[in-house]
Structures are given as C-alpha cells and as structure tokens.
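Here's a quick briefing to keep beside you while you look at the chain. Have the viewer open and click along as you read.

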Amino acid sequence: MFDSQRPTESGWVFGYGSLVWRPAFPFLERRPGYILGWARRFWQGSTDHRGVPEAPGRVVTLIPAPQQRCWGVAYRVAADAWEQVIDTLDHRERGGFDRKRVTVEFRGCDRAAVEALVYVATERNPHYLGPAADSEIAAQIRNAHGPSGPNAEYALELAAALRSMDADDDHVFAIADLLAAAV
Ligand code: SIN
C-alpha cells in the first residue's frame, strides 16, 4: 500500500473516476494526465455511494493492461493539507479501494512525470463484481442509486469530463452511450 506519509513540499493524487469530476478536496494544481499499463473498468460494486447493499451500483476501478493508457487528473496537494486529504479520501474510497503508487505522465514534453497516489479496487475486495457485457453493466448502472446519487450520473459525468479533456476511453464511452440512449 502507498505510504501516506506527508511529502516535503507537496504530493500528487491521481483520480480516474469520481475524482476526475468531483475531487472535493483542496489542491494547488490540477493537470490532466495518464498512467501507462492500466485500463479503467466499471467492475467495482458500490454499496456506499452509487448503490446500496441490496442493489449495488458499478463504479470504475483499474485493471492491469500492458501497453494501454488510462487518462485521468493529477492533483497537487500542499504538504500541510496532505494528511487531511488522505484521511478524507481513505474514508471516501473505503468501499474496497487500496492506495497504490503510480507514475503519471502528461501531454507534451515540457512537463516531467510525477509519482502519485491512486485508489484501486482489486478482485480481492468483497464488493468487486468483475466483467460483464456492456449492456448488463449499463442496465445495472441505470437502476442503481445510492447516498451519493444516481449511478448514471457518475458514469455520465465521468464520460463528459474525459471527453472535455480529449481523453479516449472506449469502455466508459460505450457505457455512457448506452445510458444516454435510454434517457
Ligand atoms: C478515483 O476516482 O480515482 C477512484 C474511484 C472513484 O472514486 O470513482
């Protein structure tokens, strides 16, 4: 697990799901970027945010995917806010996500890569749902609601945020298109 120890000046958090469009923590800087070797999938069950235990929603997690890149947003967090931000995120991502370290790269060659903390839900957590057909995933998302709101809002906001930064993600766009078509 990524060490949450306070950085000297500032540290980076990488978001690829709700953290892309609703970080809800203080940061100094926000940069669209990508991580190599990972793909985003709606394979994690959500019983605390976008679903309930009797009807889990689906949120994204990362799976290892050699040669692929997963776009998201890197946030630079001040050292004096770091512990508070990590506590907040540990709580928010408590439904099966673990901290990991990733290298985030940016468009253009004038920006050096950074090491960042990311939250990933592996198949070892009890809420993990795993793969399903796009139509099944979209149907589950369409019908799920949780304390943070409708599951469809999560998927559509994520797709819109990725499109606004010119980021490709066939999986997310396929699910979002199925949801939009049903409205
Ligand atoms: C993230 O956004 O980086 C983690 C998964 C989520 O909260 O949607």
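What pattern does the protein chain follow, read along the sequence? Going from start to end, it runs β-α-β-β-α-β-β-α-β-β-α-α. The protein chain's secondary structure adds up to five helices and seven strands. Its radius of gyration is 16 Å, close to the 16 Å that the globule rule gives for 183 residues, so the chain is as compact as a globular protein of that length. Bear in mind that this is a predicted model.

**The chain as a whole**

- The C-alpha trace of the protein chain spans about 45 × 35 × 25 Å along its principal axes.
- Buried residues make up 51% of the 183 in the protein chain.
- Take the contacts in the protein chain with a separation of 6 or more: 76% of them come from residues 24 or more positions apart.
- The protein chain has an accessible surface of about 8,900 Å², and carbon and sulfur atoms account for 49% of that.
- On the charge side, there are 20 positive and 24 negative charges, and their mean positions sit 1 Å apart.

**Strand β2: Gln44**

- Strand β2 covers residues 29-46, and Gln44 is part of it.
- Is Gln44 buried or exposed? With a relative accessible area of 0%, it is buried, because anything under 20% gets that label.
- What does the side chain of Gln44 reach at 2.9 Å? That would be the backbone oxygen of Gly95.
- The Gln44 side chain also makes a polar contact with the side chain of Asn125, at 3.0 Å.
- Leaving out residues up to four places away in sequence, Gln44 touches a long list of partners, including Gly57, Arg58, Val59, Thr61, Phe97, Ala121, His127, Tyr128 and Leu129.
- Gly95 and Asn125, the two polar partners just mentioned, are on that list of touching residues too.

**Strand β2: Ser46 and Arg31**

- Ser46 is in strand β2 as well, and with a relative accessible area of 3% it is buried.
- A polar atom of the Ser46 side chain lies 3.3 Å from the backbone nitrogen of His49.
- Not counting residues up to four places away in sequence, Ser46 touches Gly51, Val52, Pro56, Gly57 and Val59.
- Gly57 and Val59 turn up among the residues that Gln44 touches and among those that Ser46 touches.
- Ser46 and Arg99 are 53 residues apart in sequence, and their C-alpha atoms are 17 Å apart in space.
- Arg31 is another residue of strand β2. Is this arginine buried or exposed? At 14% relative accessibility, Arg31 counts as buried, since the cut-off is under 20%.
- Setting aside neighbours within four places in sequence, Arg31 is in contact with Trp12, Gly72, Val73, Ala74, Phe106, Arg111 and Ala112.

**Loops: Gly17 and Glu105**

- Gly17 sits in the loop between β1 (10-15) and α1.
- This loop glycine, Gly17, is buried at 7% relative accessibility.
- Which residues does Gly17 touch, not counting those up to four places away in sequence? They are Val60, Tyr154 and Leu158.
- Gly17 and Asn143 are 126 residues apart along the chain, with 19 Å between their C-alpha atoms.
- Glu105 is in the loop between β4 (98-104) and β5 (114-120), and at 26% relative accessibility it counts as partly exposed.
- Outside the residues up to four places away in sequence, Glu105 touches Gly33, Tyr34, Leu36 and Ala113.
- Pro126 is 21 residues from Glu105 along the chain, and their C-alpha atoms are separated by 31 Å.

**Backbone oddities: positive phi**

- Most residues other than glycine have a negative phi.
- Ala24 is not a glycine, yet it has a positive phi of about 55°.
- Where is Ala24? It is in the loop between α1 (18-21) and β2, and at 52% relative accessibility it counts as exposed.
- Asp166 also has a positive phi, about 60°, although it is not a glycine.
- Asp166 is found in the loop between α4 (151-164) and α5 (170-181), and it is exposed, with a relative accessible area of 61%.

How values were computed. Residues are numbered from 1 along each chain as its sequence is written. This is a predicted model: local features need pLDDT of at least 70, side-chain atom pairs count only at pLDDT 80 or more; totals for chains, interfaces and linings use all residues. Side-chain values use heavy atoms; hydrogens and water are left out. Helices (H or I, at least four residues) and strands (E, at least two) are DSSP runs, numbered from the N terminus. The radius of gyration is taken over C-alpha atoms; the globule rule is 2.2 Å times the number of residues to the power 0.38. Buried means under 20% relative accessible area, exposed over 50%, partly exposed in between (1.4 Å probe, protein chains only). Contact means heavy atoms within 4.5 Å. Accessible areas come from the Shrake-Rupley method with a 1.4 Å probe; for residues, only the protein chains shown count as cover. Lys and Arg count as positive and Asp and Glu as negative; His and the chain ends are not counted. The place of a charge is taken as NZ of Lys, CZ of Arg, CG of Asp or CD of Glu. A polar contact is a pair of N or O atoms within 3.5 Å; within protein, one must be able to donate a hydrogen and the other to accept it, and residues adjacent in sequence count only if both atoms are side-chain atoms.
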